[in-house]
Amino acid sequence: MTDVTCEDLDDVASVLPALVRAFRLSEATSWRFLTTGLMNRNWRLETPEGTFALKEISDVPLTKARRNLRVLSLLADEGLPVCEPVHSVSGDPVVEVDGRGYCLLPWVDGKHVRGTELSLDEVRKLGGLLARLHEGLNGAVVRDGLLPGADERPRARVTTPEAAATKSDRLLQTIGRSGSEAFDRFAAEALEQRKLLLDKYAPLRPSAEVPLGPFGWTHGDFQYRNILRRDGTVVAVLDWDRIQVRPYGEEVARTAQVQFGMDGRLDLQRVAAFVTGYRTVLPLGVKDLADAVSRLWWKRLTDFWQLEWHYNRQNSSCDDLFLADEPVVQWWSEHLDEVRAAFAACP
């Protein structure tokens, strides 16, 4: 075995023989750690049988990972661009070795393309694809019993401005005011600005904890880091760890924000095209979308999870997300009407 490029690979090297046997492979000729993952560790695995993506599952319980991986086969049968997992000799999509769980999927060549780099036609098609994924998850997958029916309307806790301001103050105390690092200075300035925004926009806090609109099983992280494209076409939707019942509007709004929130603002032309593509396939009312957008904006305004990872967990893996997302949150807060109008686009 060769091509080991990360000090963490000693762990996977020790379990590779067992994984190779469990997944009915003849041998692993090389493996390479993939540095782009945020939550789980992944490797590109070369074998005589082909090239695979090996994933160590750490972000969800293994029982949920097994359920989600089994869903993929049915989605593939529906013609959706997903990777069917390799099953072990015992028919299990997850293999446990030394207390850790692993899954294996065929390698798909493609690129992760940021939303603002897509043409408007590609953006509309992406919205349609998300709608078809929702149809697939709540159609054949539920009928075959891999997921239960989504019968109970989800609730969404709405953080108070006071609670968010308290958390901001707590983080500011953690950061200190030495100004010795660029990230610390950026974080401190962002938190002070958040407090001003919270005070200004407190009356716009969503008043109810029950979101509007249709709901059902959703992907949970449909965005460019989990989408592979080749020759202008989506060839694989990855990372199905967060399958959960949510309002469809919530996933539409979140996807649009992550896909088209670049360079300190939302690309509203592409937001409108994406929403149009979705609503062409599945009906989603303007009021339902407006409710979802308002809730997402307030959640972003009152949430500090990347900073909590950095300062409370000493985990800086999501620092870049905070640096990129924070200017978007502040721009969004000053352009609420324009954003709402973009999400109200008609198909």
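Student: Why is Glu 96 called partly exposed?

Tutor: In this predicted model, Glu 96 has a relative accessible area of 48%. Buried would require a value under 20% and exposed a value over 50%, so Glu 96, at 48%, falls in between and is called partly exposed.

Student: What makes Arg 66 and Glu 96 a salt bridge?

Tutor: The side chains of Arg 66 and Glu 96 meet at 2.9 Å, N to O, and the cut-off for a side-chain nitrogen of Arg and a carboxyl oxygen of Glu is 4 Å, so the pair qualifies as a salt bridge. Because Arg 66 lies in helix 2 and Glu 96 in strand 4, this pair ties together parts that are 30 residues apart in sequence.

Student: How do you know whether Arg 66 is buried or exposed?

Tutor: The relative accessible area of Arg 66 is 15%, and since buried means under 20%, Arg 66 is counted as buried, whereas its partner Glu 96 is partly exposed.

Student: What makes Glu 56 and Arg 41 a salt bridge, and which strands does the pair link?

Tutor: The side chains of Glu 56 and Arg 41 come together at 2.7 Å, N to O, which is within the 4 Å that the term allows, so the name salt bridge applies. The pair links distant parts of the chain, with Glu 56 in strand 3 (residues 50-57) and Arg 41 in strand 2 (residues 41-47), 15 residues apart.

Student: Why are Glu 56 and Arg 41 both called buried?

Tutor: Glu 56 has a relative accessible area of 10% and Arg 41 has 17% relative accessibility; the limit for buried is under 20%, and therefore both residues count as buried.

Student: How do you know that Lys 55 and Asp 239 form a salt bridge, and why does the pair tie together parts that are apart in sequence?

Tutor: The N to O distance between the side chains of Lys 55 and Asp 239 is 3.6 Å, and with a cut-off of 4 Å the pair is therefore a salt bridge. Lys 55 lies in strand 3 while Asp 239 lies in the loop between strand 8 (233-237) and strand 9 (244-247), so the parts that this pair ties together are 184 residues apart in sequence. Lys 55 has 10% relative accessibility, and with buried set at under 20%, Lys 55 is therefore counted as buried.

Student: Which residues are linked with Lys 55 and Asp 239 in a network of salt bridges?

Tutor: The network also includes Asp 59, Asp 221, Asp 241, Arg 242 and Arg 254. The structure as a whole holds 20 salt bridges.

Student: What makes Glu 78 suitable for a surface patch, and which residues form that patch?

Tutor: Glu 78 is found in the loop between helix 2 (62-77) and strand 4 (95-97), with a relative accessible area of 48%. A patch residue needs over 30%, so Glu 78 passes on accessibility; the negative patch is formed by Glu 78 together with Asp 77, Glu 84 and Asp 144.

Student: Why is Ser 88 called buried, although it sits in a loop?

Tutor: Ser 88 is in the loop between helix 2 and strand 4, but the term depends on the relative accessible area, which is 4% for Ser 88 against a limit of under 20%, so buried is the correct word. Leaving aside neighbours within four places in sequence, Ser 88 is in contact with Ala 22, Phe 23, Arg 24 and Val 95.

Student: What makes the phi of Gln 314 worth noting?

Tutor: Most residues other than glycine have a negative phi. Gln 314 is not a glycine, yet has a positive phi of about 55 degrees, and is placed in the loop between helix 10 and helix 11. Its relative accessible area of 63% is over 50%, so Gln 314 is exposed.

Student: Which residues of helix 10 are buried, and what do they pack against?

Tutor: In helix 10 (residues 305-312), the buried residues are Gln 306, Leu 307, Trp 309, His 310 and Tyr 311, and they pack against helix 5 (161-175), helix 6 (182-201) and helix 11 (319-333).

Definitions and conventions
Residues numbered from 1 in each chain as written. Predicted model: local features only at pLDDT ≥ 70, side-chain atom pairs only at ≥ 80, totals over all residues. Heavy atoms only, no water. Patch = residues over 30% accessible without salt bridge, like charges linked within 9 Å, V, L, I, M, F, W, Y side chains within 5 Å. Areas by Shrake-Rupley, 256 points an atom, 1.4 Å probe, with all protein chains shown as cover. Lys, Arg positive; Asp, Glu negative; His and termini not counted. Charge placed at Lys NZ, Arg CZ, Asp CG, Glu CD. Helix = DSSP H or I, 4+ residues; strand = E, 2+ residues; numbered from the N terminus. Buried < 20%, exposed > 50% of the residue type's maximum accessible area, 1.4 Å probe, protein only. Contact = heavy atoms within 4.5 Å.
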